[in-house]
Amino acid sequence: MSPSNDTAAPLVIVGAGQAGAMAARALRELGHAGELVLIGDEPHAPYERPPLSKAVLADEQLPDIGLLPEPFQVQAGVALKAGRRVVRLDPARRELHLDDGTVQPYRACLLATGGDARVLPALPPGTPGVHYLRTLDDAQGLRAALRASGSMLVIGGGFLGLEIASTARALGLDVTVVELGPALLGRAMPAEVSRWLAARARAHGVRLHLDAKLAHLAPVAGGIAATLADAGELRAELAVVAVGQVPSVALAREAGLLIDAGNGGIRVDARCRTSAEGVYAAGDCVSGFDAATGMHRRLESWQNANEQARIAAAAMLGQDAEPSPPPWFWTDQFGCNIQMLGHGAPGLSYRLRGQLPEGQEPGKAMLFGIDGDRLVHAVAINAGGDLRAFRGVLGRRLACPPETLADPAIPAKQLARLALGPASA
């Protein structure tokens, strides 16, 4: 019997990150009792990545961030092949070739290969004093460096760079952030939040260089030097490069799977099926179908990894799954919890509910992004509980005037009911 027709072959997951681990859990919860293999190229069991830039860097002891503890692996019968890399995918034979020379057959395969840190050619990994943060080993190396250094240069003012900057400031380091764009999180946040976040970072002692033009970047004696066209030379004992990530799709591309020309992710349908029969994909490596817009997009988020893992696991078993809820993302930085629903876009009209926190003081606020008469984006500052009430409102026509959303006197749940109209009563 050929591997492609072997119903006794195991289900195999390539990638032991968030999506891979959650898919393994989901497959067992959905009733798969057969062999289940999880292959990961790191030596560690699957773990949560969001704490890497926060608790793992800040805490004296490594926090528990495991996703599939060994007792669960044993009880659930998950065969983890840690520290192994898949070097070739053969969809026709339904085989995976590993770096140790072994061949792993599969009945269905899930690619959850995630992404890799985008590298600056001037500061390649391994350069003394230079850190990239993607793995637990990366975080532990940076954690040790933070405790032995007094100053840090962060290149990139995105979510990861700002979280690292916030953690480093809390540890007492002198921190400078260089962002090539004109605003922090300019593509993800409304202008009001970008400006507020810049003021917040400065209030916490971070030096910001926005719309920066890097003329030169190189290691020097005692650290890293960055020359800005309009600000001269900046020096720090260590540098963190956080300029985004690229989807890890080499395995899929070499196997002939369809890669999205626009965003570089593995193209999948609404059930996470790739262009190759029996091969599925989930997580940061994926260009997924967005039912709300009818387009494909690549989302790098904890929630998206979990949701696609759930949908892919069901599809691998021939089952249907509930569609994903609206996209949700969160970050903790500079003493604030920031959460988002939906996607920001140019031209949205925002309504502010509450007041953005000033200086280093805590506070609570929400911004609602309106497109015509629909709520398409919502941002909550220290108001995650209130934000949850609007998950059912996102994408729908508002039954109340948009300015009503700005009224802080109306409790969040009541406000959400007003936005939904009489049918929600």
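**Exercise 1. In this predicted model, work out where the salt bridge between E163 and K54 sits and whether its two ends are buried or exposed.**

Start with the contact itself: the side chains of E163 and K54 meet in a salt bridge, 3.1 Å from N to O. Next, place the two ends. E163 belongs to helix α5, while K54 is in the loop between β2 (36-40) and α2 (55-58). The partners are 109 residues apart, and the pair links distant parts of the chain. Now check the cover. E163 has a relative accessibility of 6%, so it counts as buried, given that buried means under 20%. K54 comes in at 14%, so it is buried too.

**Exercise 2. Describe the salt bridge between R84 and D100, and find what network R84 and D100 belong to.**

First, the distance: the R84 and D100 side chains meet at 3.7 Å, N to O. Then look at the loops. R84 lies between β3 (78-82) and β4 (86-90), and D100 between β5 (95-98) and β6 (103-105), so the pair ties together parts 16 residues apart in sequence. For exposure, R84 has a relative accessible area of 28% and is partly exposed. D100, at 41%, is also partly exposed. Last step: bring in D99, which is linked with R84 and D100 in a network of salt bridges.

**Exercise 3. Which of E300 and R298 counts as buried, and why?**

These two side chains meet in a salt bridge at 2.9 Å, N to O. To sort them, use the cut-off: under 20% is buried, over 50% is exposed, and partly exposed is in between. R298 has 19% relative accessibility, so it counts as buried. E300 has 35%, so it is partly exposed. To put the bridge in context, the count for the structure comes to 20 salt bridges.

**Exercise 4. How many aromatic pairs does a search of the whole structure find, and what is the geometry of the pairs that involve F329 and W328?**

The search finds three aromatic pairs. Take F159 and F329 to begin with: this pair is tilted, with 4.5 Å centre to centre and 50° between the planes. F159 is in helix α5 (residues 159-170) and F329 in strand β22 (residues 328-333), 170 residues apart, so to speak of distant parts of the chain is fair. F329 is partly exposed, with a relative accessible area of 22%.

Now W302 and W328. Their pair is edge-to-face, 6.2 Å centre to centre with 75° between the planes; the angle fits because planes over 60 degrees apart count as edge-to-face. W302 is in helix α8 (residues 302-316) and W328 in strand β22, 26 residues apart. W302 counts as partly exposed at 32%, whereas W328, at 17%, counts as buried.

**Exercise 5. Which residues gather with R417 in a patch of positive charge, and where is R417 found?**

The patch is on the surface and brings together R388, R391, K413 and R417. R417 itself is found in helix α10 (residues 412-420). With a relative accessible area of 43%, R417 is partly exposed.

**Exercise 6. Locate A406 and say how far apart A406 and D137 are.**

A406 lies in the loop between α9 (384-388) and α10. Its relative accessible area of 24% makes A406 partly exposed. Along the sequence, A406 and D137 are 269 residues apart. In space, C-alpha to C-alpha, A406 and D137 are 44 Å apart.

How values were computed: Residues are numbered from 1 along each chain as its sequence is written. This is a predicted model: local features need pLDDT of at least 70, side-chain atom pairs count only at pLDDT 80 or more; totals for chains, interfaces and linings use all residues. Side-chain values use heavy atoms; hydrogens and water are left out. Patches are made of residues with over 30% relative accessible area and no salt bridge: like charges are joined within 9 Å, nonpolar side chains (Val, Leu, Ile, Met, Phe, Trp, Tyr) within 5 Å. Accessible areas come from the Shrake-Rupley method with a 1.4 Å probe; for residues, only the protein chains shown count as cover. A salt bridge is a side-chain nitrogen of Lys or Arg within 4 Å of a carboxyl oxygen of Asp or Glu. Lys and Arg count as positive and Asp and Glu as negative; His and the chain ends are not counted. The place of a charge is taken as NZ of Lys, CZ of Arg, CG of Asp or CD of Glu. Helices (H or I, at least four residues) and strands (E, at least two) are DSSP runs, numbered from the N terminus. Buried means under 20% relative accessible area, exposed over 50%, partly exposed in between (1.4 Å probe, protein chains only). Rings of Phe, Tyr and Trp (its six-membered ring) pair if their centres lie within 6.5 Å; planes under 30 degrees apart count as stacked, over 60 as edge-to-face and the rest as tilted.
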